[in-house]
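Student: Let's go through one helix and its packing. Show me the model, please.

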Amino acid sequence: MPLRRTAPPPWAIDRRRLLGQRIAHHRRETGLSQEQLADRIGVERRTIQRYEAGSRDPRFTDLLLIAAALGGTVEDLVCEEDPPAPVSP
């Protein structure tokens, strides 16, 4: 894959880092190791490490597979903010 001509802007790097943190958080909640998650989506463990460290962007297909393997949705991984708590009547 060719390299970018310019570096991504800081906000994009921050979002990539946040995505990695969310993947790691959901993976731990489901009790999976990086190796187990990698096996479920058909990639190397090192790829999961790179996603979680924020040093690599997952491809869209991998993002779909990660969400499914973790029992959630892509939105759970990429939403900007945590959803607000429901209001009790």
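Student: At what angle do the axes of helix α2 and helix α3 cross?

Tutor: This is a predicted model, where local features need pLDDT of at least 70, side-chain atom pairs count only at pLDDT 80 or more, and totals for chains, interfaces and linings use all residues. Residues are numbered from 1 along each chain as its sequence is written, and side-chain values use heavy atoms, with hydrogens and water left out. Helices are DSSP runs (H or I, at least four residues), numbered from the N terminus. Helix α2 (residues 34-41) and helix α3 (residues 45-53) have axes that come within 8 Å and cross at roughly 110°.

Student: How is α2 oriented to α3?

Tutor: Axes are lines fitted to C-alpha atoms, over the stretch in contact, and angles run from 0 to 180 degrees between N-to-C directions. The axes cross at roughly 110°. Angles of 65 to 115 degrees count as roughly perpendicular, so α2 is to α3 roughly perpendicular.

Student: Why do the buried residues of α2 lie on the same side?

Tutor: Buried means under 20% relative accessible area, exposed over 50% (1.4 Å probe, protein chains only). In α2, Gln34, Leu37, Ala38 and Ile41 are buried. Going by directions from the helix axis to the C-beta atoms, they are on the same side because they cover an arc of only 100°.

Student: Which exposed residues does the face turned away carry?

Tutor: That face of α2 points away from its buried side. The exposed residues there are Asp39 and Arg40.

Terms used: Helix = DSSP H or I, 4+ residues; strand = E, 2+ residues; numbered from the N terminus. Parallel < 35°, antiparallel > 145°, perpendicular 65-115°, else oblique.
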